[in-house]
Amino acid sequence: MKFSMMGALAAAMMAMPAAAETVVVTAERMVDVVSGKTVDYLAVFITDGRITSVADARTVKWGADVRHIDLSGKTILPGLIDMHVHLDRNPLYGGYTGLQFTDSFWTAQGVANARAMLKAGFTTVRNVGSENYADVGYKQAIDEGLIVGPRIVPAAHSLGATGGHCDQTYLPPSFKAKGVAVGDGPQELRQRVREQRKYGAEVIKICATGGVFSRNTEPGQQQLSEEEMRSIADEAHQWGLRVAAHAHGAAGIKAAIRAGIDTIEHASLVDDEGIRLAAARKQPVWFSMDIYNTDYTQAEGKKNGVLEDNLRKDREVAQIQRDNFRKAHAAGVRMVFGTDAGVMPHGTAAGQFRTMVEYGMTPIEAMRAATVNAAQALGREKDVGAIAVGRYGDIVAVEGDPLKDVGVLTKVSAVIKGGVRVE
């Protein structure tokens with residue numbers, strides 16, 4: 001196993017294009033996620049990792065010095081973006097079972113999770129909270145070609161209140177366990193923003209309410225005041241960073257929207273007023289609702305050591321969240337694709353597309369949530385989210401037509417990142 005993984009890594013590194021090398025990717029059809037239409041017989045030219053032109057493969061010609069990736073019979077679309085993952089988390093170890101491992105285990109096992117996300121077609125992920133700055137480390141190692149994985153937007157440690165969802169709540173007082181980025185009051189939380197940015201965070205994650213998989217918190221509880229959230233948002237925006245708020249409860253969701261938070265994670269118990277606020281806010285706010293992972297957590301959680309109290313909270317919010325997803329989408333709330341991968345296996349993240357369609361989206365709307373919408377929410381429209389000139393040559397290929405059956409996205413045939421076929 002060790003040697004096969006090293007061999008795969010070496011092969012991927014050897015496949016990295018030399019400076020100024022041009023690659024052309026051809027396919028039978030492309031889903032244009034912007035127009036919502038299919039375009040036949042595309043040739044996508046990529047130089048130094050970015051798309052330089054898109055042409056008709058039946059008429060365009062290229063020289064022998066252009067490397068050809070032939071995806072005949074396949075449908076291509078932009079590399080997918082998951083806006084809510086935890087790469088250093090493993091669903092096999094729930095509750096207290098994770099305490100059997102040393103601290104560095106969690107960083108090490110995340111290398112395989114990063115690879116699994118890429119293999120599943122996610123060429124970009126936003127990692128909203130990790131321990132020991134693991135997500136910053138993954139990003140650096142991937143960028144240096146040392147490990148294989150997607151483009152990572154890291155949040156580093158999550159900000160939260162003492163005793164809240166982002167604090168260490170599983171251990172007794174004698175352990176003196178405390179979340180690294182816990183703070184109380186606007187000024188202390190401003191400092192936490194600066195600390196996380198200093199050590200590599202490119203987005204700030206906060207816990208506005210209680211959570212499902214923390215101990216001694218309830219999802220509906222608001223845990224940061226609106227004033228505290230506004231101070232975090234103001235500080236982050238000053239530094240050019242966006243803010244993602246873990247927020248299940250209705251009051252916390254509304255406070256986060258009023259405070260200027262950029263994305264609302266989970267949004268499980270949002271009420272009608274919260275939906276109206278989100279749809280109407282002039283500065284865009286996006287909902288990232290993980291409506292798929294409950295299928296896994298309820299089926300496998302007990303076996304994996306998840307405590308009954310956590311499974312109880314999971315059951316209580318699951319259907320409410322799915323119904324509210326339908327309501328928010330119908331009301332025109334901007335939506336992005338976020339799975340909370342790490343709660344369920346990372347390689348299964350694309351299963352959420354079917355659930356999004358089941359609860360009201362069309363297939364193209366679900367695909368846009370994981371492409372153009374996600375790119376806008378990240379503020380990276382020039383880099384990712386579409387097969388277009390100037391953006392990274394990040395492409396996934398599938399069999400069949402995802403506009404007719406979005407479920408085909410769960411079986412990716414090829415993954416190209418920056419013009420390099422990595423799967």
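The paragraphs below lead through a predicted model, from its paired strands to a helix, its salt bridges, a disulfide and two buried residues.

Because the model is predicted, local features are given where pLDDT is at least 70 and side-chain atom pairs count only at pLDDT 80 or more, while totals for chains, interfaces and linings use all residues. Residues are numbered from 1 along each chain as its sequence is written, and side-chain values use heavy atoms, with hydrogens and water left out.

A good place to begin is strand 1, residues 22-32. Helices and strands here are DSSP runs numbered from the N terminus, a helix being H or I with at least four residues and a strand being E with at least two. Nine of the 11 residues of strand 1 are buried, so the strand is largely enclosed by the rest of the structure; buried means under 20% relative accessible area, exposed means over 50%, and partly exposed lies in between, with a 1.4 Å probe and protein chains only. Strands are taken to pair if DSSP finds at least two bridges between them. Strand 1 is joined to strand 2 (residues 37-47) by 10 bridges, and these two strands run antiparallel. They form a hairpin with four residues between them, and in the turn glycine 36 has a positive phi of about 80°. Strand 1 is also joined to strand 4 (residues 67-78), here by seven bridges and in a parallel arrangement. Valine 24 can serve as a marker for both pairings, since it stands opposite phenylalanine 45 in strand 2 and has histidine 68 as its bridge partner in strand 4.

From the strands we turn to helix 7, residues 272-280, in which Gly274, Ile275 and Ala278 are buried. Seen down the helix axis, the buried residues fall within an arc of 100°, so they line one face of helix 7; the arc is that of the directions from the helix axis to the C-beta atoms. An α-helix has 3.6 residues a turn, so residues three or four places apart point the same way. On the other side of helix 7, Arg276 and Ala280 are exposed. The cover over the buried residues of helix 7 includes helix 6 (250-259), strand 11 (286-288), helix 9 (308-330) and strand 12, where contact means heavy atoms within 4.5 Å.

Helix 7 also takes part in salt bridges, of which the structure holds 26, each being a side-chain nitrogen of Lys or Arg within 4 Å of a carboxyl oxygen of Asp or Glu. Glutamate 273 forms one with lysine 254, with the closest N and O atoms 3.1 Å apart. Glutamate 273 lies in helix 7 and lysine 254 in helix 6, so this pair ties together parts that are 19 residues apart in sequence. Glutamate 273 is partly exposed, at a relative accessible area of 38%, whereas lysine 254 is buried, at 12%. Aspartate 272 forms a salt bridge with lysine 327, the closest N and O atoms being 2.8 Å apart. Because aspartate 272 lies in helix 7 and lysine 327 in helix 9, this pair ties together parts 55 residues apart in sequence.

Elsewhere, Lys139, Asp143, Glu202 and Arg380 are linked in a network of salt bridges.

A link of another kind is the disulfide, a pair of cysteine sulfur atoms within 2.5 Å, and by this rule the count comes to one. Cysteine 166 and cysteine 207 form the disulfide, with their sulfur atoms 1.8 Å apart. Cysteine 166 lies in the loop between strand 7 (151-154) and helix 4 (186-198), and cysteine 207 lies in strand 8 (residues 203-207), so the pair ties together parts that are 41 residues apart in sequence. The torsion about their S-S bond is about 55°, so the disulfide is right-handed. Both cysteine 166 and cysteine 207 are buried.

Two buried residues complete the picture. Aspartate 340, in the loop between strand 12 (334-336) and helix 10 (352-358), is buried yet has no salt bridge, and the nearest side chain of opposite charge, that of arginine 89, is 5.1 Å away. In this comparison Lys and Arg count as positive and Asp and Glu as negative, while His and the chain ends are not counted. Leaving aside residues up to four places away in sequence, aspartate 340 touches His84, His86, His266, Asp290 and Asn293. Valine 415, in strand 14 (residues 412-417), is buried with a relative accessible area of 0%. Valine 415 and leucine 118 are 297 residues apart in sequence and 7.5 Å apart in space, C-alpha to C-alpha.
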